[in-house]
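Work through the exercises below with the sequence and the coordinates at hand. Each task is followed by a worked solution.

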Amino acid sequence: MANNYEIIGTGKTHLVFVHYFGGDAGSWRWLAKRLSKKFTCILLNLPGFNETPMEEEPSIYFFAKYINDQIATLNLKSYVLCGHSMGAKLVLYAALINEATRPKKILLIAPSPPTIENMSADEKKRMLNHPNREEAIATVENVTKKHLKKGKSEYAVESQLRIQPNVWDWWINVGMKHDISDRINGLEIPTVVICSKDDPVISMDAIYKDVMPYLSKGTLLVLSGVGHLIPMETTRKLARHIKRIGSIDL
């Protein structure tokens with residue numbers, strides 16, 4: 001494993017996974033293990049997360065370019081690009097600027113909108129108190145609906161505490177407010193959105209108003225009884241959906 005990515009599986013189809021704001025490559029491991037027979041799963045650590053070096057000022061463009069640089073390093077010519085929450089916003093921009101080897105499909109899980117993700121002033125103040133273990137535990141409890149088993153819960157807490165402070169502050173103060181909707185509006189790539197009507201972070205109203213209208217080839221799959229951490233909360237069900245959605249002719 002390189003520090004910037006982890007590979008699980010040996011299947012013909014390559015799935016590139018970009019994690020959510022509080023996570024890292026390891027947040028996908030439970031899901032990737034369920035997909036490993038059919039897919040080769042490439043789990044990226046973004047710079048500033050999980051001790052991956054961050055040598056530049058964070059920006060949507062920087063992270064998108066980083067994603068594409070890893071795709072180029074791995075010499076991927078045909079792949080599905082999957083992003084969760086913050087990662088969803090980043091993969092849309094990555095696909096836009098990667099004119100040479102764009103993904104065959106895009107999968108967005110509980111996506112941060114390409115417009116502006118809303119956060120209350122009180123929640124923003126709480127979240128900016130980082131790194132703080134008690135607040136990290138509270139965040140996991142606040143964003144989930146299903147009980148996470150101990151290993152997953154501990155990982156969801158620890159992954160937050162490993163995030164570089166300037167990157168943490170950037171996403172809350174700048175990144176989630178960066179509107180890229182006008183740029184990605186004409187992106188002609190089949191895109192599947194998987195979300196939950198019970199997500200405490202990204203509401204269905206936000207999905208309908210701030211996500212789907214900007215996906216020219218978007219389709220929607222709505223779950224229930226699960227919160228924002230869909231890959232960790234309902235791993236088995238999500239794996240079943242991805243096995244169906246992710247199949248592409250290479």
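**Exercise 1.** Is Glu135 buried, partly exposed or exposed?

*Solution.* The model is a predicted one. Step 1: take the relative accessible area of Glu135, which is 23%. Step 2: apply the cut-offs, where buried means under 20% and exposed means over 50%. Step 3: Glu135 is therefore partly exposed.

**Exercise 2.** Find the salt-bridge partner of Arg126, and classify Arg126 by accessibility.

*Solution.* Step 1: Arg126 pairs with Glu135, and their closest N and O atoms lie 2.9 Å apart. Step 2: the relative accessible area of Arg126 is 16%, so Arg126 is buried. Step 3: extend the pair to its network, in which salt bridges link Glu123, Arg126 and Glu135. The structure holds 9 salt bridges.

**Exercise 3.** Which elements does the salt bridge between Glu6 and Arg29 link?

*Solution.* Step 1: check the contact; the side chains of Glu6 and Arg29 meet at 2.9 Å, N to O. Step 2: locate the ends, with Glu6 in strand β1 (residues 5–8) and Arg29 in helix α1 (residues 29–35). The two are 23 residues apart, and the pair links distant parts of the chain. Step 3: compute accessibility; Glu6 has 13% and counts as buried, while Arg29 has 27% and is partly exposed.

**Exercise 4.** Explain why Glu154 and Lys150 are separated by about one helical turn.

*Solution.* Step 1: an α-helix has 3.6 residues a turn, so residues three or four places apart point the same way. Step 2: Glu154 and Lys150 are 4 residues apart in helix α6 (residues 150–161), which means that about one helical turn separates them. Step 3: their side chains form a salt bridge at 3.9 Å, N to O. The cut-off for such a bridge is 4 Å. Step 4: Glu154 is partly exposed at 43%, whereas Lys150 is exposed at 64%.

**Exercise 5.** Determine how the buried residues of helix α5 are arranged around its axis.

*Solution.* Step 1: list the buried residues of α5 (residues 133–143), namely Ala136, Thr139, Val140 and Val143. Step 2: viewed down the axis of α5, these buried residues fall within an arc of 95°, so they line one face of the helix. Step 3: turn to the face of α5 directed away from the buried side, where the exposed residues Glu134 and Glu141 are found.

**Exercise 6.** Repeat the analysis for helix α11, then relate α11 to the positive surface patch.

*Solution.* Step 1: the buried residues of α11 are Thr235, Leu238, Ala239, His241, Ile242 and Ile245. Step 2: down the axis of α11, the buried residues fall within an arc of 165°, so one face of the helix is lined by them. Step 3: Arg236, Arg240 and Arg244 are exposed on the face turned away from the buried side of α11. Step 4: the patch is formed by Arg34, Lys37, Lys38, Lys146, Lys149, Arg236, Lys237, Arg240 and Lys243. Helix α11 (residues 235–245) gives the most to this patch, with 4 residues. Step 5: Lys237 lies in α11 and is partly exposed, at 34% relative accessible area.

**Exercise 7.** How far apart are Leu43 and Asp210 in sequence and in space?

*Solution.* Step 1: place Leu43 in strand β3 (residues 39–44). Its relative accessibility is 0%, so Leu43 counts as buried. Step 2: Leu43 and Asp210 are 167 residues apart in sequence. Step 3: their C-alpha atoms are 27 Å apart in space.

Technical notes
Residues are numbered from 1 along each chain as its sequence is written. This is a predicted model: local features need pLDDT of at least 70, side-chain atom pairs count only at pLDDT 80 or more; totals for chains, interfaces and linings use all residues. Side-chain values use heavy atoms; hydrogens and water are left out. Patches are made of residues with over 30% relative accessible area and no salt bridge: like charges are joined within 9 Å, nonpolar side chains (Val, Leu, Ile, Met, Phe, Trp, Tyr) within 5 Å. Accessible areas come from the Shrake-Rupley method with a 1.4 Å probe; for residues, only the protein chains shown count as cover. Lys and Arg count as positive and Asp and Glu as negative; His and the chain ends are not counted. The place of a charge is taken as NZ of Lys, CZ of Arg, CG of Asp or CD of Glu. Buried means under 20% relative accessible area, exposed over 50%, partly exposed in between (1.4 Å probe, protein chains only). The arc is that of the directions from the helix axis to the C-beta atoms.
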